[in-house]
Amino acid sequence: MIDNAYFTEAELSCRCCGKLHFSDDTLRRLIRVREQFAKPMVITSGYRCQDHCAKIGSTITHTTGQAVDVSVSGGRAYELLGIAIEEGFTGIGVKQHGPHSGRFLHLDDLGPIPGERTRPTVWSY
């Protein structure tokens, strides 16, 4: 993993096993987003191993090491969304309902996924 001043290995690692298989290119993109956003970004999910995804019923995006979920809501979510798109994130998942502590944006920079949505794309949870 490349050195950076914003995100720890623990934030980007799998929550169940601690494995870290995070893409350097995605991390560089995420750092650029953080620098433009100019506010702390709390990563609630980074890389997920296959077992973790199976346990939580998640899609494959996090298993690639090219996806994060960022805890953010309201006007900050709007601002972060714009910056993420400008920096080339191609998959944006939006959860902005319910308690503010559970709201987030999913950001990934995957290419086309066979049998999945075309890219770029936005979806809601």
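So, Gly-88: just after helix H4, this glycine takes a positive phi of about 100°. Keep in mind that this is a predicted model.

Let's back up into H4 itself. The helix has 13 residues, and from its first C-alpha to its last it reaches 19 Å, close to the 18 Å expected at 1.5 Å a residue. Which residues of H4 are buried? Ala-77, Leu-80, Ile-83 and Ala-84. They cover an arc of only 130° around the axis, so they sit on the same side of H4. That fits the usual helix arithmetic: an α-helix has 3.6 residues a turn, so residues three or four places apart point the same way. Turn to the face away from that buried side, and you find the exposed residues Gly-75, Tyr-78 and Glu-86.

And what do the buried residues of H4 pack against? Helix H2, plus strands S2, S3 and S4.

That brings us to the sheet. It's an open one, five strands in the order S1-S2-S4-S3-S5, with mixed pairing. At the edges you've got S1, residues 42-45, and S5, residues 121-124, each pairing on one side only. From one strand to the next, the twist averages 25°. H4, residues 74-86, packs on this sheet and touches S2, S3 and S4, and its direction makes about 5° with that of S4.

Over at the S1 edge, S1 and S2 run antiparallel, joined by three bridges. If you want a spot to click on, Ile-43 stands opposite Val-70 in S2.

Okay, away from the sheet now, to two residues nearer the start of the numbering. Ser-13 is in the loop between H1, residues 9-12, and H2, residues 24-37. Buried or exposed? Ser-13 counts as buried, because its relative accessibility is 8% and the cut-off for buried is under 20%. Its side chain reaches the backbone oxygen of Glu-9 at 2.6 Å. Leaving aside neighbours within four places in sequence, Ser-13 is in contact with Gly-18, Lys-19, Leu-20 and Tyr-47.

Then there's Asp-3, in the segment before H1. This one is exposed, with a relative accessible area of 78%. How far apart are the C-alpha atoms of Asp-3 and Met-41? They're separated by 17 Å, with the two residues 38 apart along the chain.

So, to recap: H4 has its buried residues on one side, packed against H2, S2, S3 and S4, and Gly-88 with its positive phi comes just after the helix. That's what I've got.

Conventions. Residues numbered from 1 in each chain as written. Predicted model: local features only at pLDDT ≥ 70, side-chain atom pairs only at ≥ 80, totals over all residues. Heavy atoms only, no water. Pairing = 2+ DSSP bridges. Helix = DSSP H or I, 4+ residues; strand = E, 2+ residues; numbered from the N terminus. Axes fitted to C-alpha atoms, helices over the stretch in contact; angles between N-to-C directions. Contact = heavy atoms within 4.5 Å. Buried < 20%, exposed > 50% of the residue type's maximum accessible area, 1.4 Å probe, protein only. Polar contact = N/O pair within 3.5 Å; in protein donor to acceptor, adjacent residues only side chain to side chain. Expected span 1.5 Å × (residues − 1). Arc of directions from axis to C-beta.
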